[in-house]
Amino acid sequence: MTALHDMTVAALANELRTKKISATEAAQHFLARSQADTSGAFLSFNPEATLAQAKEADDQLAAGTAGALAGVPMAHKDIFVTTDFPTTAGSKMLEGYRSPFDATVVRKLGVQTGGAGMVNVGKLNCDEFAMGSSNENSAYNAVSNPWDTSRVPGGSSGGSSAAVAARLVPAATGTDTGGSIRQPASFCGITGIKPTYGRASRYGMIAYASSLDQAGPMARTAEDCALMLSAMCGPDLDRDSTSLDVPAENFARDLNASLDGLRIGIPKEFFGEGLAVGVRTAVDAALKEYEKLGAKLVPISLPRTELSIPVYYIIAPAEASSNLSRFDGVKFGHRTKDYTDLVSMYKRSRAEGFGEEVKRRIMTGAYVLSHGYYDAYYLQAQKIRRMISDDFQQAFKVCDVIAGPVAPTVAWKLGEKADDPVANYLADIFTLPASLAGLPGMSVPAGFGEEGMPVGLQLIGNYFKEAQLLNAAHRLQQATDFHLRQPGGAQ
Amino acid sequence: MTTKQKSLLVQGYEVVIGFETHAQLSTQSKIFSRAPTAFGAEPNTQACAVDLALPGSLPVMNKGAVERAIELGLAVGAHIAEQSIFARKNYFYPDLPKGYQISQFEIPVVQGGEVSFFVGDEKKTVRLVRAHLEEDAGKSLHEDFIGQSGIDLNRAGTPLLEIVTEPDIRSSDEAVAYAKELHKIVTWIGICDGNMQEGSFRCDANVSVRKPGADLGTRREIKNLNSFKFMQQAIDFEVRWQIEQIEDGHAIQQATVLFDPDTGETRAMRTKEDAADYRYFPDPDLPPLVVGRDWVARVQSEMTELPRVMAARFVADYGLPEYDATTLTQSKAMAAYFEAAAKACGQAKLVSNWVMGEVSRRLNAGEAGIEHAPVGASQLAAMIGRIADNTISNSAAKQVFDALWTEGGDVDAIIEAKGLKQMNDSGALEVIIEEVLAANPKNVEEFRAGNSKALNGLVGPIMKASKGKANPAQVNELLLKKLQG
């Protein structure tokens with residue numbers, strides 16, 4: 001029998017449904033693996049809570065009331081608030097914080113009535129408040145990439161990608177604001193999807209940039225992502241005003257559909273200077289594979305790709321500067337021990353509680369929203385953001401999905417860009433456009449590049465075309481085995 | 001009009017006032033959460049995750065608050081924006097848990113409109129700039145916590161409608177009249193309970209002075225005027241203070257001031273130099289507020305008759321002067337009282353006179369609402385019916401009314417018991433007239449010499465001798481006949 005940790009979500013769900021294993025056994029297995037991990041992927045465990053959830057899943061399986069993924073272990077990015085586990089958002093500011101409520105995504109995936117029945121193994125490391133692309137901005141510890149422990153796992157969902165790649169859990173949640181699901185998935189050789197903005201409720205997802213933040217699943221296969229995404233999405237109109245009134249879908253319905261005649265748009269701006277040779281080679285090979293599957297490659301242009309960097313790094317910090325104002329030491333979160341009056345309490349609590357990158361973005365955001373600068377920065381950025389969305393709509397007139405690299409390079413070395421925020425920002429160039437447009441996007445393992453590190457192929461679809469993306473990803477995974485490869489550190 | 005305006009000048013200065021009023025909307029739950037809004041609960045018992053700004057919480061618009069804003073817009077003849085935007089006003093304060101207030105900045109839901117009212121018998125119209133939805137903050141409690149402050153977040157997220165005028169107000173009298181009229185509108189349509197003590201209706205007045213024809217002067221904003229009396233005192237003090245400063249050669253600095261009822265003075269809280277940059281930007285947690293025309297139409301169809309519409313109807317249907325109609329529509333209860341009595345007796349103008357006169361005078365003396373008046377609309381109508389059919393004179397009616405007010409009872413029974421029926425018997429009246437003529441030969445002579453005013457000197461004694469029961473018209477008729485005959 002295959003080891004439990006080598007099974008996919010789909011396979012585990014089947015084992016559990018057919019009572020070949022119990023949820024408790026599965027939980028114990030993955031809990032033990034995760035607790036033994038040394039990569040730094042996890043921030044907290046609560047074995048008692050995990051086993052209680054497993055017990056609940058077993059009861060539901062016995063009673064025949066279980067959800068579709070009952071008993072399958074997973075772990076949440078520590079940006080989702082949970083009642084059973086502390087929630088820190090990777091920040092000292094929230095050290096030890098316990099939420100009185102669960103995020104909607106947590107409820108929908110969990111063992112609560114109506115949930116999919118998955119069991120939460122623990123909370124996963126991430127860049128502080130999801131700001132970063134290497135997980136090095138976590139206030140707790142960096143995370144090493146299971147393919148090469150001297151390298152970053154990507155970010156901000158770096159704990160999620162590392163844990164799934166190392167088979168500590170079969171799947172995890174992530175959040176994507178400017179690429180935080182796709183880029184770490186690419187760096188760790190797993191599959192991840194960010195749905196259309198508004199598909200998954202943001203309720204209980206600690207906000208970084210409200211107009212961009214989206215939750216999504218990270219797993220080894222497109223099929224697993226489809227199963228989880230089906231459980232995560234759906235309207236949450238009473239709790240999140242940006243939640244779309246679009247019913248949940250079975251995103252796995254078209255997994256095996258033929259790709260014959262599928263038009264794949266290839267944006268020339270994604271293949272220019274700065275794209276690592278190894279990445280380009282892997283992406284080109286994946287595109288060739290698609291041609292073999294019957295798809296047609298169509299050259300397209302997304303002319304404002306480069307502009308997406310300044311636009312994103314104005315809008316996201318602007319929203320963040322305001323979203324993070326609630327962390328003031330008054331009601332919750334870190335409060336300095338050393339203050340004399342209200343203003344010193346604010347200043348010191350925030351100076352002590354936030355890390356460098358968070359402070360940098362708060363300062364940037366406050367600046368671009370200031371009187372006299374608002375029009376030149378924020379308003380201008382919003383205008384270009386609309387143009388970027390329009391560019392995609394132009395492109396979708398001649399193609400069905402868009403494909404290209406997720407990131408210009410493979411995972412870099414820990415510490416390599418730690419002192420160079422701009423170098424980090426520039427590396428987001430290929431994931432930012434879809435985020436700004438609110439489009440669904442995913443990363444699919446496409447082979448290996450420099451130093452044998454994984455390379456992800458990015459697929460971007462039009463609004464609500466998640467099923468089509470997952471279909472394209474699944475068909476590629478039927479024809480290739482990159483998603484099945486195992487990093488050396490995951491034995 | 002010119003003379004009227006001149007009379008408003010204070011020591012040669014024109015007073016310019018604009019108003020910002022925060023009306024707390026009468027919804028059961030908060031503007032962006034499902035926590036209740038009831039006043040006076042134990043601290044922090046009416047605040048949920050959203051009001052506490054717990055990580056991961058998000059605002060969801062309360063449709064009831066929007067409907068109330070639409071109602072106000074319709075009541076003041078404003079444009080209801082099909083799309084308005086919620087913005088974040090960013091600042092740090094302990095009773096502001098999110099570190100920003102959700103408000104409307106560039107595009108408010110209610111745009112324009114006007115409020116008309118009478119100051120004395122002069123009609124005045126104040127233009128509105130806008131009315132926008134926003135959330136209230138919590139409260140900082142500085143007593144009872146030695147060396148520290150307590151925070152009560154019960155009020156955080158309470159829905160407010162901020163109603164802003166153009167600087168159209170020219171005196172403290174007009175300011176109070178405007179505030180009373182606006183208070184009447186919001187309570188009439190039921191969007192606000194109007195309780196000023198509990199802070200449900202709070203006014204800020206932007207006051208400046210200038211020489212007539214000059215540019216607008218620098219304004220100072222008097223915050224949180226929570227009674228009409230203090231409003232008048234505060235503005236009067238502020239105007240005198242500003243004129244004094246200017247006369248002494250000092251420039252006015254833009255500032256926010258508070259009125260201290262104990263000293264009767266205003267004092268500056270903060271000046272413009274401390275003004276924060278609120279870094280307003282559209283709230284990305286809330287999509288634009290879309291108010292379709294069908295929604296406006298539905299709200300309109302469910303709305304109660306507006307005071308100005310009702311006043312116009314009183315003019316059209318009952319032939320009342322505009323002043324009467326406006327006065328009678330000061331409150332729903334008064335309007336209902338008038339209309340019930342007018343319908344019952346068919347004497348609208350007489351009813352109007354009585355309601356604005358005797359009824360209001362006595363209610364004001366006792367500070368009771370008209371719904372608690374001891375003389376009900378049907379009793380007043382019965383009494384006025386007896387005036388109209390000449391059973392009693394106006395002066396006798398005052399005695400009837402007094403009896404009704406203090407002791408109650410039936411109109412006809414009171415007339416009977418007090419013997420107030422008019423003397424419609426010409427024989428008895430003629431006897432009285434003969435006696436009065438005999439006793440006042442001088443008046444008789446003057447009248448016959450062509451001084452028609454001398455007649456009044458005779459009518460009075462005749463009415464007196466009849467103990468008010470004589471019918472004045474009949475007295476006139478008989479008297480003229482006697483004198484000319």
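## Where two domains of chain B meet

In this predicted model, seven residues of domain 1 of chain B are in contact with eight residues of domain 2 of chain B. On the domain 1 side, two elements of chain B, β7 (114-119) and α3 (172-188), each bring at least two residues to the side that touches domain 2 of chain B. Of the elements there, α3(B) gives the most, with three residues.

What kinds of residue make up the side of domain 1 of chain B that touches domain 2 of chain B? Four are nonpolar, one is polar and two are charged.

## How chain B is laid out

Stepping back to the whole of chain B, the chain is divided into domain 1 (2-297), domain 2 (305-418) and domain 3 (426-484). If you take the centres over C-alpha atoms, domain 1 of chain B and domain 2 of chain B are separated by 37 Å.

## Where chain A meets chain B

Now for the contact between the chains: 35 residues of chain A are in contact with 25 residues of chain B. Which elements of chain A give two or more residues to the side that touches chain B? They are α9 (308-323), α10 (342-353) and α11 (356-369) of chain A. The largest share comes from α9(A), and that share is three residues.

Sort the side of chain A that touches chain B by class and you get 16 nonpolar, 11 polar and eight charged residues.

Methods. Residues are numbered from 1 along each chain as its sequence is written. Chains are lettered from A and ligands numbered from 1 in the order in which they are written. This is a predicted model: local features need pLDDT of at least 70, side-chain atom pairs count only at pLDDT 80 or more; totals for chains, interfaces and linings use all residues. Helices (H or I, at least four residues) and strands (E, at least two) are DSSP runs, numbered from the N terminus. Ala, Val, Leu, Ile, Met, Phe, Trp, Tyr, Cys and Pro count as nonpolar, Asp, Glu, Lys and Arg as charged, and the others, Gly among them, as polar. Domain bounds come from an automatic or database domain assignment.
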